[in-house]
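Here is a short report for a reader meeting this structure for the first time. Please keep the sequence and the 3D view at hand.

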Amino acid sequence: MTRVLLLGGTGDALRIARQLGPEHVYSLAGLGKVPDDLSCEVRVGGFGGSEGLARYIEDQRISLVIDATHPYAAQISANAAKASNAARVPCWALRRAGWQPQAGDDWRMVDDWTELTAALVAFKRPLFTLGREPLAHLDEIPSQQFWTVRCLDAREAHPRARILATRGPFTLEGERALFSAEAFDVVVSKNSGGNATEAKLEVARERGLPVVMLRRPALPAVDREFATVADLLEALQVSG
Ligand code: NAP
């Protein structure tokens with residue numbers, strides 16, 4: 001019988017986890033909400049690197065690892081591929097396609113925080129939708145800028161920044177209202193793909209705003225890759 005270790009932390013992973021029976025394990029880093037209504041086992045917290053993960057796979061008699069983590073969670077994806085290899089179990093991954101710029105879009109691609117701040121120099125009101133990283137740089141906000149940072153973490157008010165502690169999905173109407181209320185002149189984003197957070201790009205397009213887009217990190221090769229949850233679930237049924 002297959003015993004799956006599903007590495008999650010995304011809406012797609014939760015959709016897969018909802019289909020797993022009690023013999024399977026859903027693993028979360030512990031940064032977000034931990035679901036309490038699943039049939040499968042849920043474990044929370046790191047494994048201690050790829051060696052720790054390989055030990056866990058062996059100790060728990062896992063026979064298939066599924067990496068359904070976020071496309072920017074490069075460390076756990078690298079660990080999953082390495083540990084599965086070491087423990088001699090297959091590793092599958094959900095590799096959701098990124099968004100593509102559409103006609104008229106003004107995307108400015110950057111590789112890291114340094115390039116990102118350089119790309120923002122000419123702007124005054126960026127909306128950051130990258131997660132928590134900007135919170136570590138609030139003391140470096142250039143004098144001409146006021147930042148809006150949307151992420152999961154609540155923070156006390158800052159004189160030069162507004163922190164919006166909210167969780168997606170975000171609707172088109174909601175994004176339109178936010179962009180109308182604030183005078184954003186640029187959007188900063190990861191190329192996450194999927195529907196849950198795509199509306200901001202549509203509103204940026206409507207308003208002619210540039211998007212500073214952080215490039216995706218390189219992810220390791222795995223035994224099988226799936227572009228959709230449905231394809232992965234179908235293969236999982238076949239594999240028994
Ligand atoms: P990361 O840099 O790739 O991973 C950092 C460490 O967190 C890993 O080495 C591992 O610790 C632990 N970890 C990550 N995912 C785990 C999981 N599913 N189960 C157990 N341990 C896990 O990841 P990150 O970018 O900080 O993201 C953390 C979590 O948030 C991931 O599960 C990811 O799917 C989710 N998430 C990330 C983003 C994003 O933009 N990065 C966005 C949405 C959701 P050990 O080495 O100790 O095992």
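The text below goes through the ligand site, one helix, some backbone features and the cysteines.

**The ligand site**

This is a predicted model. A shell of 23 residues surrounds the ligand. G8, S27, F47, I76 and K190 are the closest of them. Three of these residues have an N or O atom at a listed distance from a ligand atom, as the table shows.

| Residue | Protein atom | Ligand atom | Distance |
|---|---|---|---|
| G8 | backbone N or O | oxygen | 2.7 Å |
| S27 | side-chain N or O | nitrogen | 2.7 Å |
| F47 | backbone N or O | oxygen | 2.7 Å |

How much of the ligand does the protein cover? On its own, the ligand has 810 Å² of accessible area, and the protein covers 73% of that. Two elements give two or more residues to the shell: strand 2 (25-28) and helix 3 (74-87). Helix 3 has the largest share, with four residues. By type, the shell holds nine nonpolar residues, 12 polar ones and two charged ones.

**Helix 2 and its packing**

Next comes helix 2, which spans residues 49-59. Which of its residues are buried? They are S50, G52, L53, A54, Y56 and I57. These buried residues pack against four strands, namely strand 1 (4-7), strand 2, strand 3 (41-44) and strand 4. They also pack against helix 3. Helix 3 thus appears twice: it packs against the buried residues of helix 2, and it gives four residues to the ligand shell. Strand 2 also has both roles, as a packing partner of helix 2 and as a contributor to the shell.

**Positive phi after two helices**

Just after helix 2 comes R61, with a positive phi of about 55°. R61 is not a glycine. It sits in the loop that runs from helix 2 to strand 4 (64-67). Is R61 buried or exposed? R61 counts as exposed, because its relative accessibility is 70% and the cut-off for exposed is over 50%.

R88 also has a positive phi, near 60°, and is likewise a residue other than glycine. Its place is the loop between helix 3 and strand 5 (91-94). R88 is exposed too, with a relative accessible area of 77%.

**A cis peptide bond and another loop**

The peptide bond from G168 to P169 is cis, and its omega is near 0°. P169 belongs to the loop between strand 9 (161-165) and helix 5 (172-181).

E133 lies in a further loop, between strand 7 (126-129) and strand 8 (147-151). E133 is partly exposed, at 39% relative accessibility. How far apart are E133 and W113 in space? Their C-alpha atoms are 8.8 Å apart, while 20 residues separate the two in sequence.

**The cysteines**

How many disulfides does the model contain? The count is zero. C91 shows how the rule works out: the nearest cysteine sulfur, that of C40, is 17 Å away. A disulfide needs two cysteine sulfur atoms within 2.5 Å, so C91 is in no disulfide.

C91 is nonetheless buried, because its relative accessibility is 3% and buried means under 20%. C151 is buried as well, with a relative accessible area of 4%.

Conventions
Residues are numbered from 1 along each chain as its sequence is written. This is a predicted model: local features need pLDDT of at least 70, side-chain atom pairs count only at pLDDT 80 or more; totals for chains, interfaces and linings use all residues. Side-chain values use heavy atoms; hydrogens and water are left out. Buried means under 20% relative accessible area, exposed over 50%, partly exposed in between (1.4 Å probe, protein chains only). A residue is near a molecule or strand if one of its heavy atoms lies within 4 Å of it. A polar contact is a pair of N or O atoms within 3.5 Å; within protein, one must be able to donate a hydrogen and the other to accept it, and residues adjacent in sequence count only if both atoms are side-chain atoms. Accessible areas come from the Shrake-Rupley method with a 1.4 Å probe; for residues, only the protein chains shown count as cover. Ala, Val, Leu, Ile, Met, Phe, Trp, Tyr, Cys and Pro count as nonpolar, Asp, Glu, Lys and Arg as charged, and the others, Gly among them, as polar. Contact means heavy atoms within 4.5 Å.
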